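This report looks at how selected strands, helices and nonpolar residues are arranged in one protein chain. Please keep the sequence and the coordinates at hand while reading.

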Amino acid sequence: MTEAEAIDLAKKRIGKRPIVLVGLMGCGKSSVGKRLAFKLSLPFVDADEEIERAAAKTINDIFTDHGEEHFRDGERKVIARLLGNGAQVLATGGGAFIHAETRKRVKDTAFSIWLRAELPVLMRRVMKRDTRPLLRGGNPEATMQKLIEARYPIYAEADMTVESRDEPHDIIVNEIITRLATGADGAPPTTLEANPSKTVHVELGDRSYDVLITRGVLRDAGALIKARFGSVKCGVVTDENVARHHLTTLENSLKAEGLFAGSVVMKPGEATKSFRNLADLSERLLELGLERGDLVVPFGGGVIGDLAGFAAGILRRGVRFVQIPTSLLAQVDSSVGGKTGINTPQGKNLIGVFHQPSLVIADTSVLTTLPAREMRAGYAEVAKYGLLGDAEFFSWLEAHWQSVFGNNGPALTTAIETSVAAKAAIVARDETETGDRALLNLGHTFGHALEAWTGYSDRLLHGEGVAIGMCMAFRLSEELGLCPAGTSARVTNHLKAVGLPTRIADIPGGKADAAELLRLMGQDKKVKAGKLTFILVRDIGQAFVTRDVAPETVLDFLGREISR
């Protein structure tokens, strides 16, 4: 598709609706908006400039002379007027979309695009100018962080989400036009599902449970839990990052139903999955007064789910738990299936139990506060489900991955639902990994060794290790003549486009040693009779388990991979 064709299709999809850009100060609304308007041959309007023109004062002066409430009232009136002017690109102030009346008017009459940016990006941009009334005085970075926590879940209701990165804004404009043209989050708002919700059932007899996938369900978690389990006490386990963004919402929901027993907040990071922290967590949960009929509520990513799930499995010889995963990786993979555990110096997840949750609640709106790197790492597990058993799903991801990262629409829900359903089907057949559940470890034999080599540090996130490991599994399969030439390049190109590492050399902090990686692979929990277990492929969507790869073959392969 040529650029002219894309622009023409984008304009047809939008029709006579305005395009409204929303997001925090510094996300690039004005810069992106001007370029987008120019490309689409539409007028560009800055709502703040219109407010200043109408008041004959600067925004700063309005705040100083009359206060924020007066400004917001004028802002609502100006935006309501501007939305009636037909096709245009309208950049709004950071607080405009937060007001329910304005948000509804935008949804009814326009197509909204959230320019989402990480905190460091925002701070680099806003500190160049002294025209931000909400950042005057105090600690600007702390203020911005509070705005992120309060506003990102609301911005996520926009029709499209685009990452505003430190790169030329023309690139972001081209992405918007392409997504509008192809219908990736770009159909007119009237055809978008307002709140896509799905339920996946994990069939395990009397231990069966549901995975609820929806947006904004966190505030109703208490009511959901009470409806299913009665008046139980709930001990929440989370980490400092999740607590800062979302813990108050969950606690209030549980308190409203009389279920809240207390919260335990752990340090974030893979190193938290240790014997010492398991012991500490178990004692603190007992101090909350949890009994056999009560619930542990892991509220976080894979680390918290694994650790708190393990604690639930051994507390009073086993109590029930409800997973509320807050990362993409946890929502699509680690929260489902009952694997719990901790790490040791010998390897990852070598100590643990199979203990199934009683319910999984996946609120996609919490992903709006997830760092972009964590979101990409979680996507590796999404891609895994296409690569191991669903070639059609992988092709869909190649076409729609940008929509998946939108955090707020049907594409994200589809990706999570498809991944969870694939895992649920495998777990139902092989709960304790005596057969084809091992397929879920595509990329993990290599990836876990790489994680151990990096000391489970932030040099390499789990999903990043899986991404590299999957690329290596496909390359090894090609070298062994098991799958068609060019297959690994297709996989690598897709993961690279998403922004994931695909080679050992992509890991910062020093060069790996082939013999050491092979030794670490030997600690993998899937080793049987001293033989390494590999998940290799015959093609995309056709993974299989084998123990027939000789150690010397693996060692030679690792040497080439390190030098790649």
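The paragraphs below take up a covered strand, a covered helix, the nonpolar cores and a helix crossing.

The model is predicted, and the values given here should be read with that in mind.

**A covered strand and its neighbours.** Strand β14, which spans residues 359-363, is mostly covered, with five of its five residues buried. Both of its faces are covered, since Leu-359, Ile-361 and Asp-363 are buried on one side, while Val-360 and Ala-362 are buried on the other. The table sets out two strands that pair with β14.

| Strand paired with β14 | Residues | Sense | Bridges |
|---|---|---|---|
| β7 | residues 209-214 | parallel | four bridges |
| β11 | residues 320-325 | parallel | two bridges |

In the pairing with β7, Val-211 has Val-360 of β14 as its bridge partner, and on the β11 side Val-322 stands opposite Leu-359 of β14.

**A covered helix.** Helix α18, residues 444-453, is likewise mostly covered, and ten of its ten residues are buried. The buried residues of α18 include His-444, His-448 and Glu-451 as well as Phe-446, Leu-450 and Trp-453. Among the elements that cover them are the strands β13 (347-351) and β15 (534-539), together with the helices α15 (372-389), α19 (462-479), α21 (514-521) and α22 (551-563). After α18 comes Gly-455, whose phi is positive, near 70°.

**The nonpolar cores.** Which residues have the most contacts inside the largest nonpolar core? They are Val-211, Ile-225, Leu-250, Ile-324, Leu-328, Tyr-379 and Leu-442, within a core of 76 residues. Helix α15 gives the most to this core, with eight residues. Leaving aside residues up to four places away in sequence, Tyr-379 touches Leu-328, Leu-397, Trp-401, Val-404, Phe-405, His-494, Val-498 and Leu-500. A second core, separate from the one just described, has 57 residues and includes Ile-19, Val-22, Met-123 and Ala-156.

**A helix crossing.** The axes of helix α1 (residues 3-14) and helix α9 (residues 169-182) come within 7 Å and cross at roughly 65°, and the crossing of α1 past α9 is left-handed. On the α1 side the contact is made by Glu-3, Ala-6, Ile-7, Leu-9, Ala-10, Arg-13 and Ile-14, and on the α9 side by Asn-174, Ile-177, Leu-180, Ala-181 and Thr-182. Sorted by type, the residues of this contact comprise eight nonpolar, two polar and two charged.

Methods
Residues numbered from 1 in each chain as written. Predicted model: local features only at pLDDT ≥ 70, side-chain atom pairs only at ≥ 80, totals over all residues. Heavy atoms only, no water. Buried < 20%, exposed > 50% of the residue type's maximum accessible area, 1.4 Å probe, protein only. Pairing = 2+ DSSP bridges. Contact = heavy atoms within 4.5 Å. Core = buried A, V, L, I, M, F, W, Y, C linked by side-chain atoms within 4.5 Å. Axes fitted to C-alpha atoms, helices over the stretch in contact; angles between N-to-C directions. Left-handed = near helix turned anticlockwise from the far one by under 90°. Nonpolar A, V, L, I, M, F, W, Y, C, P; charged D, E, K, R; others polar.
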